[in-house]
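Reader: I'd like to go through this one with you and ask how you back up each label. Shall we start?

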Amino acid sequence: MANSSGTRSYADDPGVVVWNELQVPTGEELDTTRWAGYFHPLVQALGYRDSCWARVQGRLDIIILATLWETTSGLRNFTASPSAQLYRENLESRSITLLSSYETPYRGLANWFPSLQRSYVQLFWVYFSTPVTEAQKARVAKLRGIRPPALGPGIPINMHLQRHIPEKLWTTKTEDLHNKETQLMLWPHFWWGAEKAQWRYGPTEIMEGSLVVGTRSREEDFSVKLEAVGPLNWKENICVFKPFHRV
């Protein structure tokens, strides 16, 4: 619906982030001018805003490419264009295979995409059986993730553990997983670096009412609380995202 000035409102045509899992030949370097040339049709598209990429720790042949679009219509126009076909052909010419692609809405007030770049990211892929009820989403919304206490104003940036609070990102479409229809929630945690991410292994108290009944690591505590909301399956990737520059 157009507003009074005749332009489309942000709610009608929101920004979107596309998450692509790419399989690349072993040893292929992404941060080269040659690689940037293969992505040229994407980064020059109308409505394209930014991208960053990361290798998956422990799987050097897997790259996650996250691309931010100003509007959903901009993405749709690119997908239907000859430039998109050229982009796909460029990747195929280097034996780069698209394994999966997901879209998550991007609402600028959250402004987490800049934090994705140059971060040490714990990226959780959390799958739920469909339909995901509003009650279940409400329980998920209450989860804090692995999140350090907030620091007060004036604290030097080098004392922070995370660049941004964890973000829960529901994909726009369902998918088939092991013959079950599922809804995926991507949940990135934005650590400043590998050393500061070690905080997640530290101890936290287990409470029953007002009583402390034991301790476990913060990561174990996260796992227990996540399992309590009933995901079908979930996994974790460690990625260090880097910006992808135009050529």
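Reader: What makes Cys 239 too far for a bond with the closest cysteine sulfur?

Author: This is a predicted model, and in it the sulfur of Cys 239 is 9.9 Å from the closest cysteine sulfur, in Cys 52. A disulfide needs the two sulfur atoms within 2.5 Å, so at 9.9 Å the distance is too far for a bond. Seen from the other end, the closest cysteine sulfur to Cys 52 is the one in Cys 239. A search of the whole structure finds 0 disulfides.

Reader: Are those cysteines buried or exposed, and how do you know?

Author: Buried means under 20% relative accessible area. Cys 52 is at 0%, so it counts as buried. Cys 239 is at 1%, so the label is buried there too.

Reader: Why is strand β3 called largely enclosed?

Author: The strand covers residues 59-69, and 9 of its 11 residues are buried, so the rest of the structure largely encloses it.

Reader: Which strands pair with β3, and in what sense?

Author: Two bridges are the minimum for calling strands paired. Strand β1 (residues 15-23) has 8 bridges with β3, in the antiparallel sense. Strand β2 (residues 48-56) also pairs with β3 in the antiparallel sense, over 8 bridges. If you want landmarks, Glu 21 stands opposite Ile 64 in β3, and Ser 51 is opposite Thr 67 in β3. β2 and β3 form a hairpin with 2 residues between them, and Gly 58 in that turn has a positive phi of about 90°.

Reader: Why is the pair of Phe 39 and Tyr 87 called tilted?

Author: Check the distance, then the angle. The ring centres are 5.7 Å apart, and the cut-off for a pair is 6.5 Å. The planes are at 55°; under 30 degrees would count as stacked and over 60 as edge-to-face. That leaves tilted, so that is the label for this pair.

Reader: What makes you say the pair ties parts together?

Author: Phe 39 lies in the loop between α1 (33-38) and α2 (40-43), while Tyr 87 is in helix α4, so the pair links parts that are 48 residues apart in sequence. Phe 39 counts as buried, at 2% relative accessibility, and Tyr 87 is buried with a relative accessible area of 9%.

Reader: How do you know that Trp 112 and Phe 113 form a tilted pair?

Author: Their rings are 5.9 Å apart centre to centre, with 50° between the planes, and the tilted range runs between the 30 and 60 degree limits. Trp 112 is buried at 2% relative accessibility, and Phe 113 is buried with 1%. Both belong to one aromatic cluster with Trp 19, Tyr 106 and Phe 190. A search of the whole structure finds 16 aromatic pairs.

Reader: Where does the lining of the largest pocket come from?

Author: The largest pocket has a volume of about 410 Å³. Among its 20 lining residues, the closest to the centre are Asn 20, Tyr 87, Arg 88, Leu 98 and Ser 101. β1, β3, α3 (72-79), α4 (82-93) and β4 (97-106) each supply at least two lining residues, and α4 gives the most, with 5. By class, the lining divides into 11 nonpolar, 5 polar and 4 charged residues.

Conventions
Residues numbered from 1 in each chain as written. Predicted model: local features only at pLDDT ≥ 70, side-chain atom pairs only at ≥ 80, totals over all residues. Heavy atoms only, no water. Buried < 20%, exposed > 50% of the residue type's maximum accessible area, 1.4 Å probe, protein only. Helix = DSSP H or I, 4+ residues; strand = E, 2+ residues; numbered from the N terminus. 1 Å grid on protein atoms, 1.4 Å probe; cavity = no way out; pocket = protein on both sides within 12 Å on 5 of 7 lines; lining within 4 Å. Points joined across faces, edges and corners; volume = space filled by probe spheres on them. Nonpolar A, V, L, I, M, F, W, Y, C, P; charged D, E, K, R; others polar. Phe/Tyr/Trp six-rings, centres within 6.5 Å; stacked < 30°, edge-to-face > 60°.
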